[in-house]
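Q: I have a model open and would like to know how the labels attached to it are justified. Could we take them one by one, setting each value against its cut-off?

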Amino acid sequence: MSRFVAAGLSFLLAVLWFDLMFDVQTRGHTGELLPAEVLASISAYYRRVTTEAYPMNMLVSFVMLLTLLAIGAEIYEGKTRWWVGWGTLAMLAVGVSLSLTRTVPNAVRLGAATDSLAVQSELARAIYRDHVFAFARSLALLALQLSAASRFLGRKSRVD
């Protein structure tokens, strides 16, 4: 496995971990509306990381792109089994697409805090779900890459 793939997936996991530290505040509230203090906390976080942190907020998208490119290079160079590379590329591409078309716009909108409490509650819960799945996907991809790399390298050394 490319060190760049591992670094990219690890960076994305770290970012998701920080997001989830705020997102988990949505748990345990069964009503339609989340408490105002929960929404204020989550909204302030997303306002900072999606809008006020410019240009640093662009780093996550840049790392997503670099990780996709690193996986492409890994496939081209034949550094892992074909299905690991292509599977990783497909799963990460879907995740990046969902992030850029749904999760990030929802986070920007929640950060603006201009919607009703009902809409903000819905956005906060949707972001939480997206981040849970993204974290699980990224962790599974990293585990798959690590596992496949150790097997692939072990097989190559026996052949050489």
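Q: What makes the contact between R109 and D115 a salt bridge?
A: In this predicted model, the side chains of R109 and D115 approach to 2.8 Å, N to O. A salt bridge requires a side-chain nitrogen of Lys or Arg within 4 Å of a carboxyl oxygen of Asp or Glu, so the pair qualifies.

Q: Why is R109 called partly exposed?
A: R109 has a relative accessibility of 42%, and the class in between runs from the buried limit of 20% to the exposed limit of 50%, so R109 is counted as partly exposed.

Q: How many salt bridges does a search of the whole structure find?
A: The search finds three. Side chains of opposite charge can pair when their charged atoms come close.

Q: How do you know that R102 and D130 form a salt bridge, and what does the pair tie together?
A: The closest N and O atoms of R102 and D130 are 2.8 Å apart, and because the limit is 4 Å, the pair is accepted as a salt bridge. R102 lies in helix α4 and D130 in helix α5, so the pair ties together parts that are 28 residues apart in sequence.

Q: Which of the words buried and partly exposed applies to R102, and which to D130?
A: R102, with a relative accessible area of 39%, is partly exposed, whereas D130, at 12%, counts as buried, because buried means under 20%.

Q: What makes R47 and E52 a salt bridge, and how exposed is each residue?
A: Here the closest N and O atoms are 3.7 Å apart, which is still within the 4 Å limit, so R47 and E52 count as a salt bridge. R47 is partly exposed, with a relative accessible area of 31%, while E52, at 52%, is exposed because exposed means over 50%.

Q: What is notable about the backbone of A113, and where is A113 placed?
A: A113 has a positive phi of about 55 degrees although it is not a glycine, and its place is in the loop between α4 (82–112) and α5. Most residues other than glycine have a negative phi, and most peptide bonds are trans. At 37% relative accessibility, A113 counts as partly exposed.

Q: Why is the peptide bond from Y54 to P55 called cis?
A: The omega angle of the bond from Y54 to P55 is near 5 degrees, and the bond is cis. P55 is found in the loop between α2 and α3.

Q: Why is Q120 called buried, and which residues does Q120 touch?
A: Q120 has a relative accessibility of 7%, and since the buried class is under 20%, Q120 belongs to that class. Q120 lies in helix α5 (residues 117–159) and, not counting residues up to four places away in sequence, touches L39, L110, A113 and D115.

Q: Is Y45 buried or exposed, and what are its contacts?
A: At 9% relative accessibility, Y45 counts as buried. Y45 is found in helix α2 (residues 36–52) and touches F18, D19 and F22, not counting residues up to four places away in sequence. The C-alpha atoms of Y45 and A107, 62 residues apart along the chain, are separated by 9.3 Å.

Q: What makes up the nonpolar surface patch, and how exposed is F62?
A: The patch, of about 590 Å², is made by M56, L59, F62, L65, L66 and L69. F62 lies in helix α3 (residues 58–77) and is partly exposed, with a relative accessible area of 47%; patch residues need over 30%, so F62 passes that test.

Q: What do the secondary structure and the buried share of the whole protein come to?
A: The protein has five helices and zero strands, running α-α-α-α-α from the N terminus on, and buried residues make up 38% of its 160 residues. Among contacts between residues at least 6 apart in sequence, 74% join residues at least 24 apart.

Methods: Residues are numbered from 1 along each chain as its sequence is written. This is a predicted model: local features need pLDDT of at least 70, side-chain atom pairs count only at pLDDT 80 or more; totals for chains, interfaces and linings use all residues. Side-chain values use heavy atoms; hydrogens and water are left out. Patches are made of residues with over 30% relative accessible area and no salt bridge: like charges are joined within 9 Å, nonpolar side chains (Val, Leu, Ile, Met, Phe, Trp, Tyr) within 5 Å. Accessible areas come from the Shrake-Rupley method with a 1.4 Å probe; for residues, only the protein chains shown count as cover. Helices (H or I, at least four residues) and strands (E, at least two) are DSSP runs, numbered from the N terminus. Buried means under 20% relative accessible area, exposed over 50%, partly exposed in between (1.4 Å probe, protein chains only). Contact means heavy atoms within 4.5 Å.
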